[in-house]
Amino acid sequence: MMLIYMIRIKLLLCFIAILSCSSPMSQIDTFQKELLSEVEEILCPNVKFIEGLDRITITNQNLDLYNLKFHEVKWKCYSNIIRSNEITDNIDLDISFKVDYIEDTSNFQSETFNFIIVLLDENDKIITKQKFSRSFLSKSKSEIIKIKEGLINIVVKNSQDQIYNYQLLLGLIKDEKD
């Protein structure tokens, strides 16, 4: 254990020496945090869809255009220990959606939809709530839409690894114009 600590310190000093000549201080701080932090897998909260919001039908001028639903949701949870008093619990989400077109369309255009992610504690108190907007180019056949930006990361500070008692809720929401 002491050997690992000494190796980390030596690596940190080497990185600081190398980066101090060529990088801004913010990058040095980032490298220092990464080197000195410990990541440990933890149990995830219960992940489920908000009742009635797991799928929606998008309409335009009273015509049903397409159905949208969650296709696949993957998640990973871990604690990130930076210092003894700075611990964050993290949830990384990888989400894809399925679009099923109802009407054949020859007018291909950019479509937008919204979804929300809500993290509730064991007393159903909202810990975090985030709304996301995604766009895609409509096609004439069904398709799977992946989030281009990659993983969605939810960070909870000082939960004492208790997020496994929480609930993570996902839901699709209609635009105000629909």
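**Notes on the predicted chain, starting from a cysteine**

1. Cysteine 44 is partly exposed, its relative accessible area being 24%. Keep in mind that we are looking at a predicted model here. The cut-off for buried is under 20%, so cysteine 44 at 24% falls in the partly exposed class. Its disulfide partner, cysteine 77, has a relative accessibility of 2% and counts as buried.

2. On to the bond itself. A disulfide is a covalent bond between the sulfur atoms of two cysteines. Here cysteine 44 is joined to cysteine 77, with an S to S distance of 2.1 Å. The angle about the S-S bond is 125°, and the link between cysteine 44 and cysteine 77 is right-handed. Cysteine 44 sits in the loop between strand 1 (38-41) and strand 2, while cysteine 77 belongs to strand 4 (residues 63-83), so the pair ties together parts that lie 33 residues apart in sequence. The disulfide count comes to 1.

3. Stepping back to the whole chain: there are 2 helices and 10 strands. What order do the elements run in from the N terminus? Two α elements lead, and the β elements follow them. The chain has 178 residues, and 34% of them count as buried. Its accessible surface comes to about 11,600 Å², with 52% of that belonging to carbon and sulfur atoms.

4. For anyone thinking about contact order, take the contacts in the chain with a separation of 6 or more: residues 24 or more positions apart account for 71% of them.

5. Strand 10 deserves a look. How many of the 7 residues of strand 10 (residues 167-173) are buried? The count is 5, so strand 10 is largely enclosed by the rest of the structure. Strand 10 pairs with strand 2 (residues 46-49) in the parallel sense, over 4 bridges. Strand 10 also runs antiparallel to strand 6 (residues 110-120), and 7 bridges join those two.

6. Some residue-level detail on those pairings. Phenylalanine 49 stands opposite leucine 170 of strand 10. On the strand 6 pairing, isoleucine 116 has glycine 171 in strand 10 as its bridge partner.

7. Now the aromatics. A search of the whole structure turns up 8 aromatic pairs. One of them brings together phenylalanine 115 and phenylalanine 132: the ring centres are 5.1 Å apart and the planes meet at 20°, so this pair is stacked. The stacking cut-off is planes under 30 degrees apart. Phenylalanine 115 is in strand 6 and phenylalanine 132 in strand 7 (residues 126-137), 17 residues apart, so the pair links distant parts of the chain. Are these two rings' residues buried or exposed? Phenylalanine 115 is buried, and phenylalanine 132 is too.

8. The ring pairs also join up into a cluster, which takes in Phe49, Tyr66, Phe70, Phe97, Tyr101, Phe113, Phe115, Phe132 and Phe136. Phe49 has turned up already, as the residue opposite leucine 170. The stacked pair is in there as well, since Phe115 and Phe132 are both among the cluster members.

9. Last, a polar residue. Serine 138 is found in the loop between strand 7 and strand 8 (143-146). With a relative accessible area of 4%, serine 138 is buried. Serine 138 lies 72 residues from tyrosine 66 in sequence, and their C-alpha to C-alpha distance is 9.5 Å. Tyr66, for its part, is one of the rings in the aromatic cluster.

Methods:
Residues numbered from 1 in each chain as written. Predicted model: local features only at pLDDT ≥ 70, side-chain atom pairs only at ≥ 80, totals over all residues. Heavy atoms only, no water. Buried < 20%, exposed > 50% of the residue type's maximum accessible area, 1.4 Å probe, protein only. Contact = heavy atoms within 4.5 Å. Areas by Shrake-Rupley, 256 points an atom, 1.4 Å probe, with all protein chains shown as cover. Pairing = 2+ DSSP bridges. Phe/Tyr/Trp six-rings, centres within 6.5 Å; stacked < 30°, edge-to-face > 60°. Disulfide = S-S within 2.5 Å.
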